[in-house]
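Thank you all for coming; please have the sequence and the model open while I talk. I will go through a few places one after another, and I will try to name each residue clearly so that you can find it.

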Amino acid sequence: MSGLPVAPRWFDRRRVDDSITMLVEPHVHPLLRSNIWHVRGGERDLLVDAGCGVASLRDAAPDLFAREPVVVFTHAHYDHVGGAHEFAERWIHEAEASSLAEPEFSTLVGSDLPVEFHALLDEMGVPMPEALVDALPYGGYDIATYDVVPAPATRLLREGDTVDLGDRAFTVLHLPGHTPGGIALWDEDGGVLFSGDVIYDAPLLDSLPGSDPAAYRATMRRLRDLPVRVVHPGHEPSFGRDRMIEVIDAYLGPGGA
Ligand SMILES: [Zn+2]
């Protein structure tokens, strides 16, 4: 693992539209490579999730963070909250707040991952990597020392709460299944859904510790009725409503809708 190269930069970023920028950690293994969304608002900015925390997100995009954003976490898995400690405003659903204050599990060592991930890679015919990064953020970085820094929530979110940016507002949808306090942020006027790990265009994980398949099915049926224009997920590329329905129906199976 010490033979890994040093990455010239840790984050890639892409402008999605006039207000939305996506950041991602290309050197993190695809299983953990989560999307980070920055939304420039009229009166305040929003960050949806904060990546693994291997390298400083703030330092990577000082222009975006010149104004302190509100950070909303879709859930407390470490690939989404690792960068939490870098930000002053940290909002998360009340059911996941304890995991932000006292991070439960994090690793960059492949063999330490839960069995669910081993099974997933087996299915894909891909061996479990020794390291969950293919580069280091700087010379001398030791992946064995990786740990998520505790960063207690500053506001607890519930179903129906509003995250108001001035010129646009998002409604908190509580969508359990992947995790107990998983949320999505819904901009009804724009038809934009930031979905975290509730839905993304790859196999959905419903048997991790804390997952609840029955709740996940109810969540999927609820999402199916949402008049979405675009979904910006926690992993993999964005997609539209037609693809969302396909992913939901594939999860629910025949007669599940
Ligand atoms: Zn997750």
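**The pocket, the zinc site and some loops**

About 730 Å³ of space lies in the largest pocket of this structure, and I should say at once that we are looking at a predicted model. The lining of that pocket is made up of 34 residues, and the ones closest to its centre are His77, Asp79, Phe117, His178 and Leu208. If we sort the lining residues by character, we find 22 nonpolar, 7 polar and 5 charged. Which elements give two or more residues to this lining? They are α2, which covers residues 78–81, and α4, and of the elements it is α4 that gives the most, with 4 residues.

Let us stay with α4 for a moment, which runs over residues 115–124 and whose buried residues are Glu116, Phe117, Leu120 and Leu121. These four cover an arc of only 130 degrees around the helix axis, and therefore they sit on the same side of α4. For those of you who are new to helices, an α-helix has 3.6 residues a turn, so residues three or four places apart point the same way. On the face of α4 turned away from the buried side we find the exposed residues Val115 and Asp122. Just after the helix comes Gly125, which takes a positive phi of about 70 degrees.

Now to the metal. Which protein atoms are the donors of the zinc ion? They are NE2 of His75, ND1 of His77, NE2 of His178 and an OD atom of Asp197, lying 2.2 to 2.3 Å from the ion. The angles among these 4 donor atoms range from 87 to 177 degrees, and the site is classed as irregular. Along the chain, the donors follow the spacing H-x1-H-x100-H-x18-D. His178 lies in the loop between β9 (169–174) and β10 (183–187), whereas Asp197 lies in the loop between β11 (192–196) and α5 (213–224), so this pair ties together parts that are 19 residues apart in sequence. Both His178 and Asp197 are buried, and His178, as we heard, is also among the residues closest to the centre of the largest pocket.

Next, some residues in loops, beginning with two in the loop between β4 (46–48) and α1 (57–60), where we find Gly53 and also Asp49. Are these two buried or exposed? Gly53 counts as partly exposed, at 25% relative accessibility, while Asp49 counts as buried, at 1%. The C-alpha atom of Gly53 is separated by 8.9 Å from that of Glu86, although the two residues are 33 apart along the chain.

As background, most residues other than glycine have a negative phi. Asp49 is not a glycine, and yet its phi is positive, at about 70 degrees. Glu236 also has a positive phi, near 70 degrees; this residue lies in the loop between β12 and β13 (239–240), and at 36% relative accessibility Glu236 counts as partly exposed.

Finally, please look at Pro227, in the loop between α5 and β12 (230–233). Pro227 is exposed, because its relative accessible area is 54% and the limit for that word is over 50%. Between the C-alpha atoms of Pro227 and Ala169, which are 58 residues apart along the chain, the separation is 16 Å.

Definitions and conventions. Residues numbered from 1 in each chain as written. Predicted model: local features only at pLDDT ≥ 70, side-chain atom pairs only at ≥ 80, totals over all residues. Heavy atoms only, no water. Donors = N, O, S within 2.8 Å, 3.2 Å for Na, K, Ca; no water. Tetrahedral: all angles 85-135°; square planar, octahedral: opposite > 155°, others 65-115°. Buried < 20%, exposed > 50% of the residue type's maximum accessible area, 1.4 Å probe, protein only. Arc of directions from axis to C-beta. 1 Å grid on protein atoms, 1.4 Å probe; cavity = no way out; pocket = protein on both sides within 12 Å on 5 of 7 lines; lining within 4 Å. Points joined across faces, edges and corners; volume = space filled by probe spheres on them. Nonpolar A, V, L, I, M, F, W, Y, C, P; charged D, E, K, R; others polar.
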